[in-house]
Amino acid sequence: MKRVIIGFVLMASIYGVQAQDQKEANYDEAKVPKYVLPDVLKTTSNVEVKNTRTWENSRRPELLKLFENNIYGQMPKKYSSIKYTVTKEDATAMNGKAKLKQVMIEVFNNNNSVRINLILFIPNAANKPVPAFLLINNRERDNTDPTRTKKSEFWPAEMLVDSGYAIAAIHVSDLAPDDKEKYVEGVLQLYPEQLTAANGMKAISAWAWGASRVMDYFATDTDIDAKRVAVVGHSRGGKASLLAAAEDQRFALCITNCSGNTGAALARRQFGERINRINATFPHWFNTNYKKYNNNENALPVDQHMLISLVAPRPLYATNASKDLWADPTGTFLALKNAEKVYALYGIKSNLPANPPGVNQPIIYASLAYHNREGEHNLTAYDWSNFIRFATYHYKKNK
Ligand code: GTR
């Protein structure tokens with residue numbers, strides 16, 4: 001019995017597995033501990049970053065490495081080959097409004113391959129090439145039904161097509177099944193050395209990696225304007241969309257919806273979901289090194305404002321829902337606020353107020369955009385309609 005208890009305590013201290021469920025989390029602003037965020041504009045060797053040159057040549061790569069080594073794992077860039085096969089094409093989809101293309105993206109490495117099924121609708125009425133939104137779908141596949149028998153607010157394809165955008169989706173399970181055992185059955189088979197590395201790739205980074213392979217494909221599709229692609233994700237998918245945009249500068253816009261802990265919300269606030277809880281419930285999402293920060297947020301060399309900063313100067317929209325305190329809407333707002341100074345290096349003035357705006361008071365026409373939608377943890381038509389406004393504003397501005 002004693003041995004069992006000792007064993008349990010040991011396991012608990014190694015993995016920080018503590019029975020702390022959503023109800024026990026802190027949701028009281030008054031109980032947020034005092035914290036100091038690491039300075040995004042000071043390198044680890046204490047050099048102050050005063051211009052975009054030092055940011056891009058020194059601090060940005062340094063931060064990317066810190067995120068890879070301590071949290072998300074490495075993002076292998078090489079593979080031996082890639083093949084695109086159009087598996088289905090319908091020029092008169094959506095009652096003639098759009099062309100449907102289903103493309104199998106097959107990536108080969110290490111004598112293995114991974115197949116990513118891309119679903120893509122291209123508006124027939126729009127001038128080509130058209131800008132696109134790409135959703136990293138973490139929910140049921142039928143949310144992105146190519147036949148349009150099922151229509152879901154999670155991916156309101158008709159709305160996007162009517163607004164002149166191409167709309168695409170991939171499913172996370174093609175890249176890394178969302179399961180603590182099965183996550184290895186995807187991209188990781190291409191990179192077996194990642195499996196044993198303490199800073200090895202895990203599920204969230206595999207999902208982000210998949211979004212980049214879609215960018216590889218978009219660069220070859222003359223219907224798509226690969227310079228104007230927004231990567232979108234909700235919740236765990238939003239953690240991946242933020243990572244994808246931080247890692248891959250080909251994404252023109254980043255949209256991270258209700259991404260919360262280890263997404264767009266500051267870890268040091270310890271509000272709602274915390275690192276110990278996310279690592280315990282989803283040990284396959286982040287690398288082994290990240291377990292060191294269970295109940296130890298202040299030891300992290302980074303915080304999530306820095307991941308947002310890696311997207312600069314490209315526009316980023318982070319959203320929340322008023323009833324989704326688990327994902328810390330205020331912590332997301334504060335992460336954006338603390339990324340302002342990196343955007344300022346590029347001469348981009350922030351439109352964010354000093355304090356979080358009220359519910360349903362979106363800040364859309366800005367490089368750091370934010371809203372806190374009334375309601376639950378979800379990705380809705382309200383969110384998407386604001387993403388369209390956000391994209392249209394930026395693309396017009398940069399014409
Ligand atoms: C929760 C998890 C969150 C978020 C969410 C989701 O259980 O704690 O970090 O990712 O799942 O993906 O809906």
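Biologist: By class, what residues make up the shell around the ligand?
Modeller: In this predicted model, the shell around the ligand has 4 nonpolar, 2 polar and 3 charged residues.

Biologist: And which residues are they, by name, that surround the ligand?
Modeller: The ligand is surrounded by Ser235, Arg236, Lys239, Glu273, Ile278, Phe282, Trp285, Trp326 and His377.

Biologist: How far is the side chain of Ser235 from an oxygen atom of the ligand?
Modeller: An N or O atom in the Ser235 side chain is 2.8 Å from a ligand oxygen. There are also polar pairs with two other residues: a polar side-chain atom of Glu273 lies 2.5 Å from an oxygen atom of the ligand, and for His377 the distance from a side-chain N or O atom to a ligand oxygen is 3.0 Å. As for cover, the ligand taken alone exposes 310 Å², of which the protein buries 85%.

Biologist: Switching to the protein interior, which residues touch the most other members of the largest nonpolar core?
Modeller: Those are Leu118, Trp207, Trp209 and Phe218, in a core of 90 residues. Helix α6, which spans residues 203-218, contributes the largest share of this core, with 11 residues.

Biologist: What is Phe218 in contact with, leaving aside its neighbours within four places in sequence?
Modeller: With that exclusion, Phe218 is in contact with Leu118, Leu120, Ala132, Ala168, Ile224, Ala226 and Val229. Apart from the core that holds Phe218 lies another core, of 31 residues, which includes Val161, Ala230, Leu253 and Phe387.

Biologist: What about helix α10, which of its residues are buried?
Modeller: In α10, residues 329-337, the buried ones are Pro329, Gly331, Thr332, Phe333, Ala335 and Leu336. The cover over these buried residues includes α9 (304-309), β8 (316-321), α11 (340-345) and β9 (368-373).

Biologist: Arg314 caught my eye, so where does it lie?
Modeller: Arg314 lies in the loop between α9 and β8.

Biologist: Is Arg314 buried or exposed there?
Modeller: Arg314 counts as buried because its relative accessible area is 11%, and the cut-off for buried is under 20%. Not counting residues up to four places away in sequence, Arg314 touches Arg60, Ala245, Asp248, Gln249, Phe251, Ala252, Tyr343 and Ser367. With Phe251 there is a polar pair, in which the backbone oxygen of Phe251 lies 2.9 Å from a polar atom of the Arg314 side chain.

Biologist: Where is Asp174, and why does it count as buried?
Modeller: Asp174 sits in the loop between β5 (166-171) and α5 (193-196), and it counts as buried because its relative accessibility is 10%. A polar atom of the Asp174 side chain lies 3.0 Å from the backbone nitrogen of Asn117. Residues up to four places away in sequence aside, Asp174 touches Val114, Arg115, Ile116, Asn117, Arg141 and Gly186.

Biologist: One more, which helix is Lys65 in?
Modeller: Lys65 is found in helix α2, residues 52-72, and it is partly exposed, with a relative accessible area of 47%.

Biologist: And how far apart are Lys65 and Asn199 in space?
Modeller: Their C-alpha atoms are 10.0 Å apart, while the two residues are 134 residues apart in sequence. For Arg314 and Lys97, which are 217 residues apart along the chain, the C-alpha atoms are separated by 30 Å.

Methods. Residues numbered from 1 in each chain as written. Predicted model: local features only at pLDDT ≥ 70, side-chain atom pairs only at ≥ 80, totals over all residues. Heavy atoms only, no water. Core = buried A, V, L, I, M, F, W, Y, C linked by side-chain atoms within 4.5 Å. Buried < 20%, exposed > 50% of the residue type's maximum accessible area, 1.4 Å probe, protein only. Helix = DSSP H or I, 4+ residues; strand = E, 2+ residues; numbered from the N terminus. Contact = heavy atoms within 4.5 Å. Near = heavy atom within 4 Å. Polar contact = N/O pair within 3.5 Å; in protein donor to acceptor, adjacent residues only side chain to side chain. Areas by Shrake-Rupley, 256 points an atom, 1.4 Å probe, with all protein chains shown as cover. Nonpolar A, V, L, I, M, F, W, Y, C, P; charged D, E, K, R; others polar.
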